[in-house]
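Hi,

Here is the structure I said I would pass on. Have a look at it first, and my notes on what turned up follow below.

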Amino acid sequence: MGRSLLLSLLVVVVCAVSATGGFLAGRAGGPDLRAARRHGVLAGAQAGARAGRWFGHHNGYRAGYRAGYAHAYKLAYRQAVSR
Amino acid sequence: MRRRRRRSVGSRLAVVVFLACACGLVGVLVGRAQRIPNAQAATVQSDAATVAFHRAEAAAYGAAFRAGYHAGWVRGSALARKRARRAGRAAAHAHAIQAGALESLVAAARNTLAAAYSPVSPAAAKHPDKCVEVGGGLCEVAGPAITHKACPAGSVPDPATDSVCVPELLIEVEQQAAQAAAAASTAP
């Protein structure tokens, strides 16, 4: 009786190990979501930083140029005329 | 008896191996069904990239805008100063020329008026017929076509008819007025 129960338990353990191994083997080889997310974040951050720098510099340059030009032109013109 | 027992053990072992293989096969099938599809991974990657893109762009924009603003301000100011100095000098120069031309015009007009208001000598007053009315209250000395003599000093014959002598002072005033008008039209 005890021996039969022990053998049955052994069979169950062997089947469980086999099923687990098969499950892991079947699931292996697929894409990794963490790696995909990490890769996406990295690529997106690099591209976003580049785009932000470019647009920020471009728009800032234009705005600063316009403002500085108008400001300096008035002063310099008045000074040149008054001299 | 021993042989039957061995056969029984062998058949049990075969059943166990079969069960193990069957469980392993079921595990493989279930695991393959649970495998993450490539489309889901691509979606996750794309979503993560989009979110990271917007965050990084917003974070980098402000600093880049300030740096670009400063650079643009410096560049625009330098260029504006250069152009404004040039324009201001040109305007001042044109203004000075215009003012000078107007002063000359005023001086010439004053001289003309002074000459017109100068006293007439008694000898010249005896010969009123030497004056030719040209309209507008102006009376000019008769020219070589009428008197057959040269014009008096300070006047030149009218190039069209030679019938009157035009004072050089009037010609100068006309030239000064033309210069003043030209300078006023070219000034910004």
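Start with α1(A): does its length fit what a helix of 26 residues should span, or does it fall out of line? At 1.5 Å a residue the expected span is 38 Å, and the end C-alpha atoms are 37 Å apart, so the two agree. Keep in mind that this is a predicted model, so everything here is computed from its coordinates. The buried residues of α1(A) are A:Ser18, A:Ala19, A:Gly22, A:Phe23 and A:Gly26. After the helix comes A:Gly29, which has a positive phi, near 95 degrees.

The rest of chain A is quickly told. Chain A has two helices and zero strands, and 28% of its 83 residues are buried.

Chain B has more to list. You'll find five helices and four strands there, in the order α-α-α-β-β-α-β-β-α from the N terminus on. Of the 188 residues in chain B, 17% are buried. If you take the contacts in chain B between residues at least 6 apart in sequence, 45% of them join residues at least 24 apart.

Now for where the chains meet. On one side 52 residues of chain A are in contact, and on the other 61 residues of chain B. Both α1 (2-27) and α2 (33-82) of chain A supply at least two residues each to the side that touches chain B. The largest share of that side, 37 residues, comes from α2(A). Sorted by class, the side of chain A that touches chain B has 28 nonpolar, 19 polar and five charged residues.

The largest nonpolar core is worth a look too. It has 21 residues, and those with the most contacts inside it are A:Tyr73, A:Ala76, B:Ala52 and B:Ala80. Two elements give two or more residues to this core: α2 of chain A and α2 (38-117) of chain B. Which of them gives the most? That would be α2(B), with 13 residues. To see one of these residues up close, pick B:Ala52: leaving aside residues up to four places away in sequence, B:Ala52 touches A:Gly40, A:Val41, A:Gly44, A:Ala45 and A:Gly48.

Next, the strands of chain B. Strand β2 (residues 138-142) and strand β4 (residues 164-167) of chain B run antiparallel and are joined by two bridges; B:Val141 has B:Cys165 as its bridge partner in β4(B). On β3(B), three bridges lead to β4(B), and this pair is antiparallel as well. Here B:Val156 is partnered with B:Val166. β3(B) and β4(B) form a hairpin with six residues between them, and B:Asp162 in the turn has a positive phi of about 65 degrees.

One more backbone detail: B:His148 has a positive phi, near 55 degrees, although this residue is not a glycine. Most residues other than glycine have a negative phi. B:His148 is in the loop between α4 (144-147) and β3 (155-157) of chain B. Is B:His148 buried or exposed? With 8 other C-beta atoms within 10 Å, B:His148 is exposed, because 12 or fewer counts as exposed.

Last, how far to trust all this. The model scores ipTM 0.73 and pTM 0.56. The mean pLDDT of chain B is 82, and 82% of its residues reach 70 or more. Among the elements of chain B, α2(B) has the highest mean pLDDT (89), while helix α3 (residues 122-125) has the lowest (60). Where pLDDT is low, the predicted coordinates should not be read in detail.

Cheers

Note on methods:
Residues numbered from 1 in each chain as written. Chains lettered and ligands numbered in written order. Predicted model: local features only at pLDDT ≥ 70, side-chain atom pairs only at ≥ 80, totals over all residues. Buried ≥ 20, exposed ≤ 12 C-beta atoms within 10 Å, placed from the backbone. Contact = placed C-beta atoms within 7 Å. Nonpolar A, V, L, I, M, F, W, Y, C, P; charged D, E, K, R; others polar. Expected span 1.5 Å × (residues − 1). Core = buried A, V, L, I, M, F, W, Y, C linked by C-beta atoms within 7 Å. pLDDT = per-residue confidence, 0-100. Pairing = 2+ DSSP bridges.
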